[in-house]
Amino acid sequence: MKKEVKIICAMLSVLMLFSVCGCRSTPEIFSSSEASSTPASVVETTSEEAPTSSEEVTAQPEAPVITPSAPTQSQTPSYQSKPAVITQPKPTVSLGYEVLDPDNTRGLSEVRSGFGFGVAQNGQPHSISVNNQLKFDSLSNVNALALDTISTDKRMYLTFDCGYEYNNLTASILDTLKAKNVKAAFFCTLDYLEDNPQLVKRMIDEGHIVGNHSATHPDFSTINRTEMANEIYLVDKYLKDNFSYTAKYFRFPSGAHSDSALDLVTSVGYSSVFWSVAYSDWNTSAQPEIESAFNTVTSRYHSGAVILLHAVSATNDAILSRLIDKALADGYYFKTLDEYPKFAQ
């Protein structure tokens, strides 16, 4: 009996313990001293661990689904990028003319064409010169001369390149031309114009043509269209400002060009002048022997020829009078570039 009473009392104690524990619906808040003496299994949280405002919530919300709405006049929607602003490059100087198509949006060929002319003989131009002119004539909006294939008479055009002055040879060449009553074209760089104003004035006064050979003598196939225009403009402006002279003809340095460059030259009001007769005369330290040079040049004479000589050549100065006499004796005569039919139009 005593044993049964003990068992019943034990069971009642357990029931009372469960009843007390089950009524605790809110966790106790302990001070630091109390927490240290309370088992961890009993303390579930503290006020510092329980966030009480939305600012303390650390969980990342899901990305919202954005449905774009029509933009107002003062608003550009974030989902629509602004169009790129395309600007045309401006000339590097205030040009007296606009640079046509500075970015070459038409896709004209920019491939370098070095200029070859072939060796004319027996009074006939080389096929290379013939084909050069055919090519130039086939290009729209291009005025260029390498060989006069239009005129039917025995005319020739005499031209000189002047990059710098050497031993006052240009003055001697001008003396010969004056004595023979022959007019020529002198293609000058900006340095030449600046360094030799008296010679340039004499060219103009004596009825010769002063041509544009660029400001700094670059390879025109390696620079852009605005730079090309600037090279031409600087010479053009200097001639106008200092000599009241307007040039109409341009010669590419070394003859190097491209279809785009030919187009650019014509677009700024110039005609390009190449050649069909020339020889190695430009090296002042290795001048050709006089008789050999004379025979070389005269053997290449042909109708419609554009002859290129360099004014720094002592050999050219020595044989110029004879070159003219030989041409006249063979029935040729000299015309100016202004008299080329296409340029005269």
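How many helices and strands does the protein have? I counted 11 helices and eight strands. I keep in mind that this is a predicted model.

**Entry 1: the whole chain**

I looked up burial across the protein. Of its 345 residues, 40% count as buried. Then I turned to contacts between residues at least 6 apart in sequence. Of these, 74% join residues at least 24 apart.

**Entry 2: helix 8**

I picked helix 8, residues 259-267. How many of its nine residues are buried? I found seven, so helix 8 is largely enclosed by the rest of the structure. I listed the buried ones: Ser260, Ala261, Leu262, Asp263, Leu264, Val265 and Thr266.

What covers them? The cover includes helix 3 and helix 7. It also includes strand 1 (144-145), strand 5 (249-250) and strand 6 (271-273).

I checked what follows the helix. Glycine 269 sits just after helix 8 and takes a positive phi of about 95 degrees.

**Entry 3: helix 7 against helix 8**

Helix 7 is one of the elements covering helix 8, and I looked at how the pair meets. Helix 7 spans residues 225-243. The two axes come within 10 Å and cross at roughly 45 degrees. That makes helix 7 oblique to helix 8. I noted the hand of the crossing as right-handed.

Which residues make the contact? From helix 7, I wrote down Arg225, Met228, Ala229 and Ile232. From helix 8, I wrote down Ser260, Ala261, Asp263, Leu264 and Val265. Sorted by class, this contact has six nonpolar, one polar and two charged residues. The five contact residues from helix 8 are also on my list of buried ones: Ser260, Ala261, Asp263, Leu264 and Val265.

**Entry 4: helix 9 against helix 10**

I moved on to another helix pair. Helix 9 covers residues 290-298, and helix 10 covers residues 314-329. At what angle do their axes cross? I read roughly 40 degrees, with the axes coming within 10 Å. Helix 9 and helix 10 are therefore oblique to each other. Helix 9 passes helix 10 in a right-handed crossing.

I listed the contact residues. Helix 9 brings Ile290, Glu291, Ala293, Phe294, Val297 and Thr298. Helix 10 brings Thr315, Ala318, Ile319, Arg322, Leu323 and Lys326. I sorted the contact of helix 9 with helix 10 into seven nonpolar, two polar and three charged residues.

**Entry 5: cysteines**

How many disulfides are there? My count came to zero. A disulfide is a covalent bond between the sulfur atoms of two cysteines. I looked at cysteine 162 to see why it has no such bond. Its closest cysteine sulfur is in cysteine 188, 4.4 Å away, which is too far for a bond. The cut-off here is 2.5 Å between the sulfur atoms. Cysteine 188 is likewise in no disulfide, with the sulfur of cysteine 162 as its nearest cysteine sulfur.

Are these two cysteines buried or exposed? Cysteine 162 is buried, at a relative accessible area of 1%. Cysteine 188 is buried too, at 0%.

**Entry 6: two asparagines**

I went looking for unusual backbone angles. Most residues other than glycine have a negative phi. Asparagine 122 is not a glycine, yet its phi is positive, at about 55 degrees. I located asparagine 122 in the loop between helix 2 (32-36) and helix 3 (127-138). Its relative accessible area is 71%, so I noted asparagine 122 as exposed.

Asparagine 181 also has a positive phi, near 55 degrees. Where is asparagine 181 found? I found it in the loop between helix 4 (169-180) and strand 3 (185-188). At 61% relative accessibility, asparagine 181 counts as exposed.

**Entry 7: arginine 155**

I closed with a charged residue in strand 2. Arginine 155 belongs to that strand, which runs over residues 155-162. Is arginine 155 buried or exposed? It counts as buried, at 9% relative accessibility.

I followed the chain to lysine 335, 180 residues from arginine 155. The C-alpha atoms of the two are separated by 6.3 Å. I then listed the contacts of arginine 155, leaving aside neighbours within four places in sequence. They are Asp148, His302, Ser303, Gly304, Ala305, Tyr333, Lys335, Glu339, Tyr340 and Pro341.

Technical notes. Residues are numbered from 1 along each chain as its sequence is written. This is a predicted model: local features need pLDDT of at least 70, side-chain atom pairs count only at pLDDT 80 or more; totals for chains, interfaces and linings use all residues. Side-chain values use heavy atoms; hydrogens and water are left out. Axes are lines fitted to C-alpha atoms, for helices over the stretch in contact, and angles run from 0 to 180 degrees between N-to-C directions. Helices (H or I, at least four residues) and strands (E, at least two) are DSSP runs, numbered from the N terminus. Angles under 35 degrees count as roughly parallel, over 145 as roughly antiparallel, 65 to 115 as roughly perpendicular and the rest as oblique. A crossing is left-handed if the near helix is turned anticlockwise from the far one by less than a right angle, and right-handed if clockwise. Contact means heavy atoms within 4.5 Å. Ala, Val, Leu, Ile, Met, Phe, Trp, Tyr, Cys and Pro count as nonpolar, Asp, Glu, Lys and Arg as charged, and the others, Gly among them, as polar. Buried means under 20% relative accessible area, exposed over 50%, partly exposed in between (1.4 Å probe, protein chains only).
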